[in-house]
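Please examine the structure below with attention to how its helices pack and how its residues are buried.

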Amino acid sequence: MAFKWFYGAGAVLALSLGLAAQAQAAEQHLQIDLADLTLNGYLTTPDDTEGVPDRVLLMTHGTLAHGEMSIMENLKTALAERGIATLAHTLSLSVDDRTGMVDCGMPHTHKDSDAMTEIGTWLAWLKEHGATAVPMLGHSRGGNQVARFAAAEDDPALTRLVLMAPATWREGEDATAYTDRFGADLDTLYQEAKALVDEGKGDTMIGVPGFVYCQNARVTAASFVDYYAPNPDRDTPAVLKGVDEPTLIIVGGADTVVPDLPARLEESGITDKENVEVTVVDGADHMFLDFFTEDAADAIEAFLAE
């Protein structure tokens, strides 16, 4: 009984401290335009900061998620406590003014590769508003997208990368996972979609048993091809061979989404690169919930201070 009471008191204290920390941080909801889309972002700064600080950590969420999901919210609060400003943005997925998790029932016209354009748009906005250093953080698929952006762009404002449980890829794995999840042959569907793209009919809407996480989805042929084409760039360890910025990879010790990440990092030889650090948060799953957020935030704080 005493143990249970102590745990409860600790939980109340932690909640009180968390609310106090949130009160000390200032958050601003931002909207910017990209072509015919309105993009949403959330700038969080420590209480003694006005406007856009010199350094802002630009954060990209994972697959079909958003900038206010739990891991983004927890991180920006924990980092604000440590004096670190963040901008967590929501990828549009070709939906104007998108918020919240993706609606699987919508027509999917977005591409995995669209993310790099939107990351670049937020980087440009931060620079225009006074930021001179923009380290970037990406979680899961967002980690891969951030790494790909860094490999393709040479911008001195992009100073460092933090990749939390970044996505890995190996040829043939998509097909196996697709059959296991949706009970259909991915290669057949891919070839049919690719034929439409090759005929200049990439905007054709097709019905498929599954698309990413969504069952019985409607998706353009071009989008299906973009997400499922054999593409080594979706393997973060391989992409990091072309990245020169100092990079911190944070691994969840109990991650079941990318359980092979530590082995893949060793196998790729990335861990031997001087600019790459790897931190394992023991016990953390893919979302780094609860106190694991604090462990990750500590590692990020130390890395950004180097």
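The report below covers a helix pair, the nonpolar core, an enclosed helix and two residues with positive phi.

This is a predicted model, in which local features need pLDDT of at least 70 and side-chain atom pairs count only at pLDDT 80 or more, while totals for chains, interfaces and linings use all residues. Residues are numbered from 1 along each chain as its sequence is written, and side-chain values use heavy atoms, with hydrogens and water left out.

Helices and strands here are DSSP runs numbered from the N terminus (H or I of at least four residues for helices, E of at least two for strands). Helix α3 (residues 114-128) packs against helix α4 (residues 141-152) at an angle of about 70°, and their axes are 9 Å apart. The pair is therefore roughly perpendicular, a label given to angles of 65 to 115 degrees. In this contact (heavy atoms within 4.5 Å), α3 contributes Ala115, Met116, Ile119, Gly120 and Leu123, and α4 contributes Gln145, Val146, Arg148 and Phe149.

Arg141 also belongs to α4 and counts as buried at 19% relative accessibility, where buried means under 20% relative accessible area, exposed over 50% and partly exposed in between, with a 1.4 Å probe and protein chains only. The side chain of Arg141 makes a polar contact with that of Asp112 at 3.1 Å; such a contact is a pair of N or O atoms within 3.5 Å, one able to donate a hydrogen and the other to accept it. Beyond neighbours within four places in sequence, Arg141 is in contact with residues including Gly62, Val212 and Tyr227.

The largest nonpolar core, a set of buried nonpolar residues joined through side-chain atoms within 4.5 Å, has 90 residues, of which Met164, Phe224 and Ile300 touch the most other members. Helix α3 supplies the largest share of this core, seven residues.

Phe224 is one of the buried residues of α7. Seven of the eight residues of helix α7 (residues 221-228) are buried, so this helix is largely enclosed by the rest of the structure. Its buried residues pack against α4, α5 (173-182), α6 (186-198), β7 (205-211) and β8 (214-220).

Most residues other than glycine have a negative phi. Two exceptions, Ser140 and Asp290, are set out here.

| Residue | Phi | Loop | Relative accessibility |
|---|---|---|---|
| Ser140 | near 60° | between β5 (136-139) and α4 | 10%, buried |
| Asp290 | about 55° | between β10 (276-281) and α10 (291-305) | 65%, exposed |

Notes
Axes are lines fitted to C-alpha atoms, for helices over the stretch in contact, and angles run from 0 to 180 degrees between N-to-C directions. Angles under 35 degrees count as roughly parallel, over 145 as roughly antiparallel, 65 to 115 as roughly perpendicular and the rest as oblique.
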